[in-house]
Amino acid sequence: MNPGDTRPVDGVVDLLIIQATPFCNLDCDYCYLPGRQSKERITPAVLRKIFERAFASPLVGNEFTVVWHAGEPLAMPLAFYKEALTVVAEENRRGISVRHSFQTNATLLTDEWCDFLLENNLAIGVSVDGPAFLHDRHRKTRGGKGTWERVIGGMNRLTEHGVPFHVITVLTAESLDFPDELFDFYREFGVRTICFNIEEIEGPHTSSTLSPGAAQERYAQFLDRFFDLVQQSGEKYAVREFDSAMAAVLPTQPAMKYRGPQQTTPFGIISVDCRGNFSTFSPELLGLPSDKYGDFSFGNVMTDSFESALESPKFQAVARDVAAGVQRCERTCEYFAFCGGGAPVNKLFENGAFDSTETLFCRLTRKVPIDIVLRKATEHHGAVRA
């Protein structure tokens, strides 16, 4: 899709993100999700209609991934997901390849859950912020207690059952002084697939400890050191930030695929909340208010097909503004070829508008990793030639 396009092409859907419940049993202080105390649950009728719409839509091609997220998915009973897999099988008359992935805090994992994940070849990621002294600063219970021991218990249970998993670690200003400690933590607990998220400015989380200008230099130093630790270990690690940057700047690298700008591609991502309301672009937009747009629900699966949203004035307004921001990035940013125009939700909540350009998010998660990968590749090439 070219920058500025606002209409999706057939088969464009890559991710279908489903909120089974907004409830989370933790209360992380940097969470963007409103209403996470609500114990509302998706109904069987809404669940079935989501997949009926998906499998009937020309926006869905030969494969996509269902991500169970936007709340703690394991707060729902295991029986719900067993039924969900049955619904998928019954509605999938086109024989589409469907993968499932869970993002969890791991505190509710049981042996039965592990067996279910293995038996059905389901992917799972654990949200953990490293050693206890870092993790427990932000990832607490509603009573203010740390959750590290419970999360580690869940990770250990996955390991004992032979369930592969990745981790997502949120980096705050406090984390940046401890790349060695984080690397040692991953090594100790057998984590070899790592994703770093930054503390973002989104929705009710209106500030970030990474906002001051000095944080960018510290963040670059953190990633630079972590890159060296991975290389020096002689072990195989998959670090999303480095692998994505290498896939973008070195697209011929084997076993790497640059997926392009999912969040600026209309219907590249579809997000559905527990009431059946759906949205696209950045997943975090669904459920967040906006003075200009009202909200970011473009329809409800009980009454609307996904493609019917294309005629919605609200969708068209959002899509035009997102595309305008992409075009501005293309005109002004030397990193555009490696990024594709940034994340709309960060533009909106950092800059106040979709049709804006640089954000803290893009500086730290796009520009810094690309700079590091390019510099390391240059240093390596020079060392080899010497």
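Hi everyone. Before anything else, one definition: two strands count as paired if DSSP finds at least two bridges between them. With that in hand, here is the fold, and please keep in mind that this is a predicted model.

Let's start on one side of the sheet. Strand 5, residues 166–171, and strand 6, residues 193–198, run parallel and are joined by 5 bridges. If you'd like one to click on, take threonine 169, whose bridge partner in strand 6 is phenylalanine 196. To get from strand 5 to strand 6 the chain goes through helix 6, residues 179–188, in a right-handed β-α-β crossover. Strand 6 also pairs with strand 7, residues 238–239, again in the parallel sense, over 2 bridges. There, threonine 193 has alanine 238 of strand 7 as its bridge partner.

Now let me zoom out. How many strands form the open sheet, and in what order? There are 10 strands, ordered 7-6-5-4-3-2-1-8-9-10, with mixed pairing. Strand 7 and strand 10 (299–300) are the edge strands, each pairing on one side only.

Let's walk along the part of the sheet that holds strands 1 to 4. Strand 1, residues 15–18, pairs with strand 2 in the parallel sense over 4 bridges, and isoleucine 18 stands opposite tryptophan 68 in strand 2. Please remember that tryptophan, as we'll meet it again. Strand 2 is in turn joined to strand 3, residues 97–104, by 6 bridges, and these two run parallel. Valine 67 has serine 101 as its bridge partner in strand 3. The connection from strand 2 to strand 3 passes through helix 2, and this β-α-β crossover is right-handed. Next comes strand 4, residues 123–127, which pairs with strand 3 in the parallel sense over 4 bridges; here glutamine 103 is partnered by glycine 125 of strand 4. The chain travels from strand 3 to strand 4 through helix 3, residues 111–119, and that crossover is right-handed too.

On to the packing. In soluble globular proteins, nonpolar side chains tend to be buried together. In our model, the largest nonpolar core has 104 residues, and the members that touch the most others are Leu16, Ile42, Phe51, Trp68, Met155 and Phe226. Which helix gives the most to this core? That would be helix 7, residues 213–233, with 8 residues. Let me pick out leucine 16: leaving aside residues up to four places away in sequence, its contacts include Phe51, Ala54, Phe64, Val66, Ile270 and Val272. Apart from the big core lies another one, of 5 residues, with Cys24, Leu26, Cys28 and Val170 among them.

Now for the aromatics, my favourite part. The whole structure has 29 aromatic pairs. Here is our tryptophan again: the rings of tryptophan 68 and phenylalanine 80 have centres 5.9 Å apart and planes at 85°, which is over the 60 degrees cut-off, so the pair is edge-to-face. Tryptophan 68 sits in strand 2 (residues 63–68) and phenylalanine 80 in helix 2 (residues 78–91), 12 residues apart, so to speak a link between distant parts of the chain. Both residues are buried.

A second pair is phenylalanine 267 with phenylalanine 315. Why is it called tilted? The ring centres are 5.6 Å apart and the planes meet at 50°, so the pair falls between the stacked and edge-to-face ranges. This pair also links distant parts of the chain, 48 residues apart, with phenylalanine 315 in helix 9 (residues 313–332).

Phenylalanine 267 deserves another look. This residue lies in the loop between helix 8 and strand 8, and has a positive phi of about 70° although it is not a glycine. Is phenylalanine 267 buried or exposed? Buried, with a relative accessible area of 0%. Alanine 70 also has a positive phi, about 65°, without being a glycine. Alanine 70 lies in the loop between strand 2 and helix 2, and counts as buried because its relative accessibility is 16%, under the 20% limit.

Two last things for the ring fans. Ring pairs link Trp148, Phe183, Phe185, Tyr186, Phe189, Phe196, Phe222, Phe226 and Tyr237 into a cluster. And lysine 39 lies over the face of phenylalanine 23, at 5.4 Å from the ring centre. Thanks, everyone!

Terms used:
Residues are numbered from 1 along each chain as its sequence is written. This is a predicted model: local features need pLDDT of at least 70, side-chain atom pairs count only at pLDDT 80 or more; totals for chains, interfaces and linings use all residues. Side-chain values use heavy atoms; hydrogens and water are left out. Rings of Phe, Tyr and Trp (its six-membered ring) pair if their centres lie within 6.5 Å; planes under 30 degrees apart count as stacked, over 60 as edge-to-face and the rest as tilted. Buried means under 20% relative accessible area, exposed over 50%, partly exposed in between (1.4 Å probe, protein chains only). A charge sits over a ring if NZ of Lys or CZ of Arg is within 6 Å of the ring centre and within 35 degrees of the ring normal. A nonpolar core is a set of buried Ala, Val, Leu, Ile, Met, Phe, Trp, Tyr and Cys residues joined through side-chain atoms within 4.5 Å. Contact means heavy atoms within 4.5 Å. A crossover is right-handed if, with the strands pointing away from the viewer, the path from the first strand over the helix to the second runs clockwise.
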